[in-house]
Amino acid sequence: MLVKAFSAAVNGLEVTTVTIEVSIVNGVMFHFTGLGDAAVREGRDRIAAALRHNGFRFPHADITVNMAPADLRKEGSGFDLPLAIALLAANSDIQSDKLGSYMIMGELGLDGHLQPIKGALPIAIRARAEKFKGLIVPKDNGMEAAVVNNLDVYAMDNIMDVIDFLTDKREFQPIELDTRRVFYEQQYKFDLDFADVRGQENVKRALEVAAAGGHNVALIGPPGSGKSMMAKRLPSILPPLSLAESLETTQIHSVAGKLSKDSSLISQRPFRSPHHTISEVALVGGGINPQPGEISLAHNGVLFCDELPEFNKSTLEVLRQPLEDRKITISRAKYTLEYPCSFMFVASMNPCPCGYHGDPTHTCVCTPGQIQRYMSKVSGPLMDRIDLQVEISAVEFKDISKAEQGEPSENIRERVIRARKMQEERFKDVKGVHCNAQMTERMIHQFAEPDENGVEMLRIAMERLSLSARAYNRILKVARTIADLAGSENVMVEHLAEAISYRNLDRANWAE
């Protein structure tokens, strides 16, 4: 007897419907075709144990299993459940006319319990696009898949629940989820707030500018000056995610298996902080079984690299293209994948090997040559992609001992949102550009061109501070954002002056 069931294969963020065909005739052989990996082939033993545990026998016959399209590689254990159901139907152990109406995914435990899978959300989106009536997934994936409207999602606990549903022995209700209510309820619940930061007003201002324009930022200062503390609070002042951004971000985390069982949509911008020992593959994605890297998990959020010079230099260099293109293409002999990676890059670093260059409270023991070698661990092309370079000094006692709190994140976020709305209106006719940091050279001349006084100030700054040529466009982008925060239509001299103050590392005499 020949039976077909339907499942899905996830490759990158692309999902392909997989037809599982099972043919049972007289004989004793088991044939498996369709480019399944080791986890798929091992499913035979899990299925056999699960069926025995629940009162069924694994068919003793000549069994041929095909997973079409046969030339597409299938990975993971999520094919256990649809294959088990198809085997039972082909062996006439169950009778059901629902198999063609539902997409089925799930890993089987040896007792028949369903284990969670990766990629439930993009699979649900594919099921709706293919006009399936519903999707059957493990219980832990129910909330995640139920985000998709106009699709009945059934979250099952074990294989017997699935069998009873397909054979109409028991009635099950699809999960009902008010996606928008859940999404908007959680948008403004932050554990960290800038109200807890005392002092460092200039750094908070720089982070506000960075958030308003989507600019990359580097924080340079001695140990204990608050670099990491403030960077971790950056998501609390960023504009809230839109529903479309949230769906895109959630899909990436779903494919990577990073969502908890109670999660539906990611409602806050992600903040990823990889350790400096991270490998290139872990950072950009890929691997034997391809997975999104940290830069894709930070999509629509923040990628924070603490102690930037401690990262492997070759690892940092792979960031250069994604920072410009805002996507990463991973090409290997057997596959080519593309992941989005539009993120704010935030880095922190000490000013020298000992950490106390320029600190008035400690004596630096490093020579200019040592400082130069330390800073050169971060290449010029990478620093070229960082718009704001902010020096931080140690917090003074009078600021630490203040009883009153600093300005809360809510107030800062309101100003950031107003500036972003101005940018959305400015770039509404330009595809792929949403904030000032994404402006091209032509757009800089169109929207951020200074007047004569501003040009003269730039000329003087470039000459006196020995600023590099690459700093010119960065200064104009940041100045445009500062003007937006001030509600100004044009870039004024005072906006340029503040933007110039954020290019510390471009000064030729910085390490002296």
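This is a short talk about the pockets, the nonpolar cores and two helices of one protein chain.

Okay, hi everyone. Before anything else, keep in mind that what you see here is a predicted model.

Let's begin with the pockets. The largest one has a volume of about 1200 Å³. Its lining is made up of 46 residues, and the ones nearest the centre are R326, S342, H434, C435 and Q438. If you want to find the walls, look for α10 (243–255), α14 (320–325), β16 (336–340), α18 (409–426) and α21, since each of these elements gives two or more residues to the lining. Which of them gives the most? That's α18, with five residues. As for chemistry, this lining has 17 nonpolar, 13 polar and 16 charged residues.

Now the second largest pocket, at about 830 Å³. Here 44 residues do the lining, with V10, E75, G76, P290 and Q291 closest to the centre. The elements giving two or more residues are β1 (2–11), α10 and β16, and β1 gives the most, with four. Split by class, you get 17 nonpolar, 15 polar and twelve charged residues.

Let's go back to α18 for a moment, as there's a residue in that helix I'd like to show you: R426. Is R426 buried or exposed? The cut-off for buried is under 20% relative accessible area, and R426 has 18%, so R426 counts as buried. And what does its side chain do in there? The side chain of R426 makes a polar contact with the side chain of D484, at 2.6 Å. Leaving aside residues up to four places away in sequence, R426 touches N436, F447, R480 and D484.

On to the cores. In soluble globular proteins, nonpolar side chains tend to be buried together. In this model, the largest nonpolar core has 47 residues, and V217, L234, V346, L388, V390, I475 and Y502 have the most contacts inside it. Take L388: not counting residues up to four places away in sequence, its neighbours include V209, V217, V478 and Y502 from the nonpolar side, and also H215, N216 and R503. Apart from that core there's another one, of 43 residues, with L51, M67, I159 and F165 among them.

Last stop, helix α22, which covers residues 493–500. Its buried residues are H495, L496, E498, A499 and I500. What do they pack against? Three helices: α8 (201–213), α20 (452–464) and α21 (471–485).

That's my tour, thanks for listening!

Notes:
Residues numbered from 1 in each chain as written. Predicted model: local features only at pLDDT ≥ 70, side-chain atom pairs only at ≥ 80, totals over all residues. Heavy atoms only, no water. Buried < 20%, exposed > 50% of the residue type's maximum accessible area, 1.4 Å probe, protein only. Contact = heavy atoms within 4.5 Å. 1 Å grid on protein atoms, 1.4 Å probe; cavity = no way out; pocket = protein on both sides within 12 Å on 5 of 7 lines; lining within 4 Å. Points joined across faces, edges and corners; volume = space filled by probe spheres on them. Nonpolar A, V, L, I, M, F, W, Y, C, P; charged D, E, K, R; others polar. Core = buried A, V, L, I, M, F, W, Y, C linked by side-chain atoms within 4.5 Å. Polar contact = N/O pair within 3.5 Å; in protein donor to acceptor, adjacent residues only side chain to side chain.
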